[in-house]
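This briefing deals with a two-domain chain and the interface inside it. Please view the structure first.

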Amino acid sequence: MQTEGRSRHFIYTDWILTETQFDPDQLHSKETVFTIGNGYLGTKGSFEEGYPHALPATFINGVYDDVPVVYTELANCPDWLPLVVIVNGESPTETLRERFRLDQGEILRYDRQLDLRYGLLSRYLRWRSPSGKTIDIHFERFASLADQHVLAQRCHLTPVDFDGLIEVQGSINGYPENQGFNHWEGLDQGKTDQGIWLQRRTRHSRIELGMGATMRISGAEASLQVSTAPGYPTLSTTYLAKSQQTVTVEKIVTIFTSRETETPVSAAIEKLAHLPDYATLLKANQQAWDEIWQQSDILIEGDSTAAFAVRYNLFQLLIAGARHDDRVSIPAKTLSGFGYRGHIFWDTEIFMLPFFLFTQPAIARNLLSYRWHTLPGARRKATHYGYKGAMFAWESADTGDEVTPRWALGNDFYGEDVRIWCRDREIHINADIPYAAWNYWQTTGDDEWMQQRGAEIILDAAIFWGSRVEFNSERQKYEIRGVIGVDEYHEFVHNNAFTNRMAQWHLEKAIAVYDWLAQKFPERATELEQKLKLTPEERTHWQDIIAKILFLHDPSTELIEQFEGFFQLEDINLADYEGRDRSMQAILGIEKTNKYQVIKQPDILMLLYLMRESADFPYNEKALQTNWNYYAPRTDITYGSSLGPAVHAILASDLSRSAEAYEVFMQALMVDLEDNRGNTSDGIHGATAGGVWQAVIFGFGGIQLTENGPVANCHLPDGWTRLKFKLHWQGKWHDFDLHKGQVTSLRSEFKIQNSKFKINYPHK
Ligand code: BGC
C-alpha cells in the first residue's frame, strides 16, 4: 500500500519525491535536493533548458584542482545536461523561434519527481509559449549505477495544439564554473559517427577528462546535425511535429578521466560506440539499484514522511559512496554542492561510515582505504607541527595534506578576517579515523584489510598521540592541551574529555592491534616496526598514557567536565534566546561565545554515544542521565552544527525521552528536504544523513552489538508500527522486522565463531 506525506514544498510517497510547483526563489536549494549520482559522480538537479542564475554542477569524486585560500576543491565538471527544445513556426521560413524556458510563457503543469528506487529524475511539464503554442514535455535522466561512466537523458515531446517544426539541441557545456572560477583548459573536441566529444584538463592538477555524447530520435523522421562551437559541442535535430503525437529524443553521455584511464577521450568514444538504447541502459540501472536496496533499505510503516525521508537520506549516501575507487572518500557536502569545497572531515568516519559498514561493507572498506592512501600527507602534517607519526588533516582532499583554510574572509569591506584554528587544534580526528578502522574490522572480520592497511593507520596515528601528550609532573598525569574539541564554540581548551578519552581508547586498540599483528602476521609487524619506527618503548609509553591520562570526572555524580575550566565559564539559559533564527555564535560573536557554557554540538554526549559499546569509562546509565541533564540544555542543537540532532535523538531515545528524541530526529531527517538550516544550496548534509541512519538503527531500533551479533531492543516513536532493515555482521546478514510493542527481536543466521571472535577482541 502506498502512503503519502506532504510538506510545504513536496509530496512524499514511499519512494518518490514530487515537487508540484516551481519556485525560482528556491532554485539553488532544489538543485541540491534533486541531485542524482552513482558513486562516481554527482549531478545537481539543474534544468536541462537552463534558468537564469542556475548553478548546474557535476562533481566527479577525486577530481580536485588548486584554488586560492582554500588550497583545493572539487572541480565542477563540464555540464552534460543541456537539452534545449525550440518550437519553430509552421515552416522553415518562418522566423519565430520560441525556446522552451520556465521564465517565459506559461507553465500549465509542473511536476518534478525523484524516484529513489532507481535514481531517476523526471519532470512533467505542460508549457504554453508566449505565442500560444502548448506542448507537453517529459524529461528524464539518470547516472547509471550499472556503468558509472554512462549518463542518460530522455525527452518525450507532444505538441498539444499545433503542428510545426521542433528543434532539439543536446550539448556538452565545457565552461562549468566553481563560483566564478573555471578549472578547465580546453584541449580538443570533435565529432564521430556516434556524435560529439570534448577533451578538457584541469589547470593545475592536470587531470584530463573525456566526454562523448550521442542523440537518437524516435517517432519522427529527422537527421542529426553537429555543431562544434568551441567548448560547446552540440547535436541538433529538427523534425515536423504533429499535434498529439509524441516524439522521443534520447541523449547518452559517456565520461572518463585520467584518474581511471590514460586515454579518457578514446575511452568515452569507445564506450559510446557500443552502448545500447536508453531503455536497455535504464533496465541495467534498475537492476543495479534493486541489488543495492536489497541490502540498504529501511522500511518504516506508520509515518509516511519519515518512511520516505529516511530513504532519501540513504539514497544521498549511496550516490556519494565510491564503488570502484579506494582513493576517494565522501566530502562533507557529498558530491552535491560547492560547500566546504569537496573537503573531507570526520563526518565520513563517524557519521556516514556506519551505514556503509553494516549495509555496503565494500564501500566502507574503500572509504577507509582512502585514509590509508593519505597517510603520507598525514605524516607531512605531523612533521610540520613537530610531532611524530601521522596527524590526519582536519579537512582532507586528494593528498591528505591539511586543506582547512587558515582564514575565513570578512563579510564586508571592513569586516575582520577570522583565523580558523581547526587545522591546528581539532585533533580528535586522529582518534576518530582509527575508531572507524577498528569498527570496520570488528564488524566485518576483514583481517586481510587490517593487516595490510588498518594496522598502519591505527599504529601511525597512535604514534602521533605519543608525541602530542604532555606529562604534567605535578599532577602525575598526561594532558592534551590547546585543542578544539567536538564543540567548536571553544577554540583553545585543555584536556577536552572527548579528545583525551578517544586518544586513550585509540592507544588501547593500537596495543591490541600491535599484539595481534605480532602474533598473526609477524612479518607485517616487523615491516611496520621498521617503517614507523615502532619500538617496545613506544608500546610501554602508550600503556603509561592509557593509565595516566587526565579526565575531569566526578565519580560520585558521573558528571564529566567538557574541558578544564568549562564549569567556571559564564552559564547561559538558552530559553532566554527563544525565537532566534541563528546560532548562538552568530548572536554573541566568536569571542563572547568562548566565554559561555554554550556548546555548538554534543561533545561529552558524543563521547558517551561513541563509547556505548565499550564496557569502560565513561558509558553507564547514570553517566548518561547526569551528563544529558547538564549538557543537553546548553547545546545549541537547532542552530549549532547539523551533526548534533541525530546524536541527541539516539541518546534521548536511550533515555526513553521519546517525544524529544523524535523531535530532534525530525530536525536531522528533514535538514535538506525542508532546508531547515537554510544552507541546502551548499549541498547535502552528508553527516546528517549518516546520523539519520544511526538514529533509526541504534536509537529507535535499539540495536546493540553483542558477541552473538546485533540484537534489537526497539523503542519506536509514536505512530511507527513497523521498522524493517538488514545488518551485515561478520559475513552474515541479520534481518530485523520490528513492530510496535516488541521488546526484543532478533532473527539471525549468525553462528558465533568463538575462536575468531577472541582473536578480534584480543584485549577484552
Ligand atoms: C562542524 C564539524 C563538521 C563540519 C563539516 C562544522 O560546522 O562543527 O563537526 O565536521 O562542520 O560538516
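The points below cover the domains, their interface and one sheet.

The model is predicted: local features need pLDDT of at least 70, side-chain atom pairs count only at pLDDT 80 or more, and totals for chains, interfaces and linings use all residues. Residues are numbered from 1 along each chain as its sequence is written, and side-chain values use heavy atoms, with hydrogens and water left out.

**Domains**
- The domain assignment (automatic or from a database) gives domain 1 (17–293) and domain 2 (299–692).
- Taken over C-alpha atoms, the centres of domain 1 and domain 2 are 38 Å apart.

**Interface**
- In contact (heavy atoms within 4.5 Å) are 41 residues of domain 1 and 43 residues of domain 2.
- The buried area (accessible area, 1.4 Å probe, lost on putting the two parts together, summed over both) is about 3,400 Å², with 66% from carbon and sulfur atoms.
- Tyr64, Tyr71 and Leu116 lose the most area on the domain 1 side, together 17% of what that side buries.
- Two salt bridges (side-chain nitrogen of Lys or Arg within 4 Å of a carboxyl oxygen of Asp or Glu) cross the interface of domain 1 and domain 2.
- Glu73 forms a salt bridge with Arg341, with the closest N and O atoms 2.6 Å apart.

**Sheet**
- Four strands (DSSP E runs of at least two residues, numbered from the N terminus) form an open antiparallel sheet in the order 4-5-6-7, where pairing requires at least two DSSP bridges.
- Strand 4 (36–37) and strand 7 (71–76) are the edge strands.
- Strand 5 (residues 41–43) is joined to the antiparallel strand 6 (residues 58–67) by three bridges.
- Leu41 stands opposite Ile60 in strand 6.
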